[in-house]
Amino acid sequence: MSGTLSKSRPPDSKIVVLGNPGVGKSALVVRFLTNRFIWEYDPTLERSYKHHTILDDEHTLIEILDTAGQEDTMQQEGNARWADGFVLVYAINDRQSFEAAGNLKHHLDMLKKTNVLCMLVGNKVDLLHERRVTTEEGEALAVELSCGFFETSASDGGEDIPEVFYELHRDIKRRKSIETKGRRRSSAQQVKHVFNRMLNKIGNSS
Ligand SMILES: Nc1nc2c(ncn2[C@@H]2O[C@H](COP(=O)(O)OP(=O)(O)OP(=O)(O)O)[C@@H](O)[C@H]2O)c(=O)[nH]1
């Protein structure tokens with residue numbers, strides 16, 4: 001097992017939970033952290049949590065920012081810059097929130113100038129009789145956005161909810177490791193380049 005237990009160390013991944021007001025962002029985060037469903041929230045608050053666990057045999061620290069649905073653009077952009085990955089939530093009984101989730105992903109890609117890592121989550125599957133977005137539509141949007149996809153219910157057990165966060169964490173870890181290798185390679189290439197120039201100079205002057 002690797003890593004340390006301290007919560008004061010930098011997190012291994014930083015995840016922001018986004019979506020229209022009322023889709024169940026706080027309920028998902030609370031279910032993930034406490035395995036409980038809490039009915040009362042202050043929707044105007046933004047909350048940050050540190051979740052420590054052992055994942056794939058490693059001590060893992062995930063920081064999660066649960067955003068309020070009605071944030072201003074400055075707040076949204078600040079959160080987006082801070083995050084390594086995003087959980088984009090819609091409610092399966094709210095068509096508008098589904099469309100908003102798609103738009104959010106495009107906005108984030110533009111803002112971060114990359115294909116951001118994300119999980120698309122259709123929440124409130126317990127409200128089947130009110131369904132306005134099919135599972136197939138959710139899956140198709142996830143493919144289009146290059147996101148993972150889950151349907152969940154924060155109120156009914158929510159067995160899949162930990163996997164939403166853990167899968168995203170694993171994606172983030174993989175990308176960070178590729179980026180670090182790329183950086184190492186490019187600094188090694190720079191050293192090689194300088195060294196070759198020096199050798200050339202010596203060769204020319206003798
Ligand atoms: N039936 C059902 N209700 C849910 C579920 N998740 C959340 N809710 C309810 O939906 C309402 C909104 O939930 P929140 O978790 O506050 O939603 P939010 O996205 O954080 O909302 P904002 O903070 O306003 O952006 C609350 O009344 C919750 O009890 C779910 O899976 N099923």
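**View 1. Lys124, a buried residue with positive phi.** With 25 C-beta neighbours inside 10 Å, Lys124 counts as buried (20 or more other C-beta atoms within 10 Å of its own; exposed means 12 or fewer, partly exposed in between, with C-beta atoms placed from the backbone). Its phi is near 70°, a positive value in a residue other than glycine. Lys124 sits in the loop between S5 and H4 (helices, H or I of at least four residues, and strands, E of at least two, are DSSP runs numbered from the N terminus). The model is predicted: local features need pLDDT of at least 70 and side-chain atom pairs count only at pLDDT 80 or more, while totals for chains, interfaces and linings use all residues. Residues are numbered from 1 along each chain as its sequence is written.

**View 2. Asp57 in the loop between S2 and S3.** Asp57 is not a glycine, yet has a positive phi of about 70°. The flanking strands are S2 (47-55) and S3 (58-66). Asp57 is exposed, because 9 other C-beta atoms lie within 10 Å.

**View 3. Helix H3, residues 95-112.** At 1.5 Å a residue, the 18 residues of H3 should span 26 Å, and the end C-alpha atoms are 26 Å apart, which agrees (expected span: 1.5 Å times one less than the number of residues). Ser97, Phe98, Ala100, Ala101, Leu104, Lys105 and Leu108 of H3 are buried. They cover an arc of only 155° around the axis, so they lie on the same side of H3 (the arc is that of the directions from the helix axis to the C-beta atoms). Gln96, Asn103, His106 and Met110 are exposed on the other side. Lys113, just after H3, takes a positive phi of about 55°.

**View 4. Helix H1, residues 25-34.** In H1, 8 of the 10 residues are buried, so the helix is largely enclosed by the rest of the structure. These are Lys25, Ser26, Ala27, Leu28, Val29, Val30, Arg31 and Phe32. Asn35 follows H1 and has a positive phi, near 55°.

**View 5. The largest nonpolar core.** This core has 44 residues, and those with the most contacts inside it are Val87, Leu88, Val89 and Leu120 (a core is a set of buried Ala, Val, Leu, Ile, Met, Phe, Trp, Tyr and Cys residues joined through C-beta atoms within 7 Å). S4 gives the largest share of this core, 6 residues. Not counting residues up to four places away in sequence, Leu88 touches nine residues' worth of surroundings including Leu18, Ala101, Leu104, Leu120 and Cys147 (contact: C-beta atoms, placed from the backbone, within 7 Å).

Terms used. Two residues are in contact if their C-beta atoms, placed from the backbone, lie within 7 Å.
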